[in-house]
Each structure stands twice: as structure tokens, then as C-alpha cells.
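Q: I would like to take a careful look at one part of a protein and see how it fits into its surroundings. Could you go through it slowly, starting from a single residue?

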Amino acid sequence: RFPHHRNIWFSRGSPLAALPFLRRFGTTYTQPDPCEPARVEAVAATCLFVRRAAFEAVCGMDTGYFLYVEDTDLCRRWADAGWEVWVRPDITVTHHWSSRVGERRRLARYHRAGIRRYFGRHHPRRRLANGVLFLVLGLADLVDRWGGRARQRESDRG
């Protein structure tokens with residue numbers, strides 16, 4: 001699904017996603033793959049097969065994203081331009097995630113930056129909702145940075 005102000009709070013990258021007991025109060029935009037080939041709103045860009053005409057119709061990837069959410073933005077722009085996005089569950093690609101804690105924190109900040117860019121672009125009129133979302137994401141960035149610095153000081157002493 002496309003992220004919006006009701007389904008972002010418990011999705012990957014959200015600070016509230018780390019609180020599983022709260023998930024019953026909301027939904028996530030990330031959904032499991034269907035069992036059969038199906039039209040979907042968005043797919044992860046781990047592996048995409050794209051028609052050149054579709055890619056060119058939306059001017060390709062937005063280089064303003066560093067990591068994360070650039071694929072969702074691309075799918076959203078395709079939908080807005082009238083293109084369809086399909087998932088083929090019979091094709092498998094394995095994506096290995098990082099295992100280092102410090103790296104996970106940095107990657108989570110990149111994800112939150114992508115969410116900010118996406119919401120600023122696709123929900124520009126929702127200023128109050130964006131303000132609340134951006135504030136929470138900014139607080140999560142501060143907590144990540146503070147936690148990383150505290151751990152660094154401990155390891156420097158040890």
C-alpha cells in the first residue's frame with residue numbers, strides 16, 4: 001500500500017513499530033505478498049522489471065532520496081500517471097539486511113528521511129498531520145543519535 005497518515009505509524013521505520021502491543025490500534029502500509037500475480041500499489045525496489053516507457057514517463061527515480069521510500073515514490077508516480085504495478089510471487093530475490101546495530105540506526109534515519117520526503121511530496125496539503133509526523137520522526141532521529149553517542153562513550157571507556 002501507499003503510506004498515508006493513518007497507516008504510517010506502525011510501519012517499518014516508525015518509532016511506534018518497535019512497540020508491538022500498540023499495533024492493534026493501527027495498520028501498516030507494508031503488506032505480505034499475494035499468492036498469485038496481482039496488481040498492487042507499490043513494491044520494494046529490491047528487484048524491479050520496468051518498461052522503459054513507464055520509467056521515462058515519470059522521469060525515473062527521484063535522486064532526492066538517498067535510501068528507502070524511493071521505490072514507493074516511484075510506484076506512486078506511476079499510479080498517478082496511469083501505469084500499473086504488479087507483483088510476481090513466483091519470482092524470488094533475496095535481500096540481506098545489515099546486522100550491525102550502529103548501521104541499523106543510521107539506516108533507520110535514512111528511512112525516516114525518505115518518509116519525510118514522500119509525505120512532503122504526496123501529501124503537501126496535510127500540513128498539520130505532516131508536522132506531527134515530522135516531529136515524531138525527528139524525535140526518533142534524536143533518540144538514535146543520543147543512544148549511539150552514549151554507546152560510543154561506553155565503548156571508549158571500556
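Leaving aside its neighbours within four places in sequence, which residues is Leu-48 in contact with?

A: Leu-48 is in contact with Val-43 and Leu-74 once its neighbours within four places in sequence are left aside, where contact means heavy atoms within 4.5 Å. This is a predicted model, in which local features need pLDDT of at least 70, side-chain atom pairs count only at pLDDT 80 or more, and totals for chains, interfaces and linings use all residues. Residues are numbered from 1 along each chain as its sequence is written, and side-chain values use heavy atoms, with hydrogens and water left out.

Leu-48 is found in the loop between β1 and α1; helices (H or I, at least four residues) and strands (E, at least two) are DSSP runs numbered from the N terminus. With a relative accessible area of 29%, Leu-48 is partly exposed, a class that lies between buried (under 20%) and exposed (over 50%), as judged with a 1.4 Å probe on protein chains only. Its C-alpha atom is separated by 9.3 Å from that of Asp-71, although the two residues are 23 residues apart along the chain.

The surroundings of Leu-48 include a pocket. Together with Val-43, Ala-44, Ala-45 and Cys-47, Leu-48 is among the residues that lie nearest the centre of the largest pocket, which is lined by 44 residues. A pocket here is an open set of points on a 1 Å grid over the protein atoms alone, where a 1.4 Å probe fits, with protein on both sides within 12 Å along at least five of seven lines, and lining residues have an atom within 4 Å of a point. About 1600 Å³ of space lies in this largest pocket, the volume being the space filled by probe spheres set on points that are joined across faces, edges and corners. Its lining divides into 26 nonpolar, 9 polar and 9 charged residues, where Ala, Val, Leu, Ile, Met, Phe, Trp, Tyr, Cys and Pro count as nonpolar, Asp, Glu, Lys and Arg as charged, and the others, Gly among them, as polar.

At least two lining residues come from each of α2 (70-80), β2 (85-87) and α3 (101-122), and α2 gives the most, with 4 residues. Helix α2 is largely enclosed by the rest of the structure, because 9 of its 11 residues are buried; among the buried ones are Asp-71 and Leu-74, two residues that we already met beside Leu-48. Ahead of this helix, in the loop between α1 and α2, lies Val-69, which is buried with a relative accessible area of 4% and has a positive phi of about 75 degrees although it is not a glycine. Cys-59 is placed in the loop between α1 and α2 as well, and it too has a positive phi, of about 65 degrees, without being a glycine, but Cys-59 is exposed, with a relative accessible area of 70%. Most residues other than glycine have a negative phi. Just after α2, Gly-82 takes a positive phi of about 95 degrees.

Helix α2 also takes part in the largest nonpolar core. This core has 23 residues, of which Ile-8, Cys-75, Trp-78, Ile-115 and Leu-133 touch the most other members; a nonpolar core is a set of buried Ala, Val, Leu, Ile, Met, Phe, Trp, Tyr and Cys residues joined through side-chain atoms within 4.5 Å. α2, β2, α3 and α4 (127-157) each supply at least two residues of this core, with α3 giving the most, at 4 residues. Leu-133 touches Ile-8, Trp-9, Ile-115 and Phe-119, not counting residues up to four places away in sequence.

Stepping back, the chain has 4 helices and 2 strands, which run β-α-α-β-α-α from the N terminus on, and 32% of its 158 residues count as buried. As for confidence, given for each residue by the predictor as pLDDT from 0 to 100, the chain has a mean of 83, and 78% of its residues reach 70 or more. Among the elements, helix α1 (residues 52-57) has the highest mean pLDDT (97) and α4 the lowest (79).
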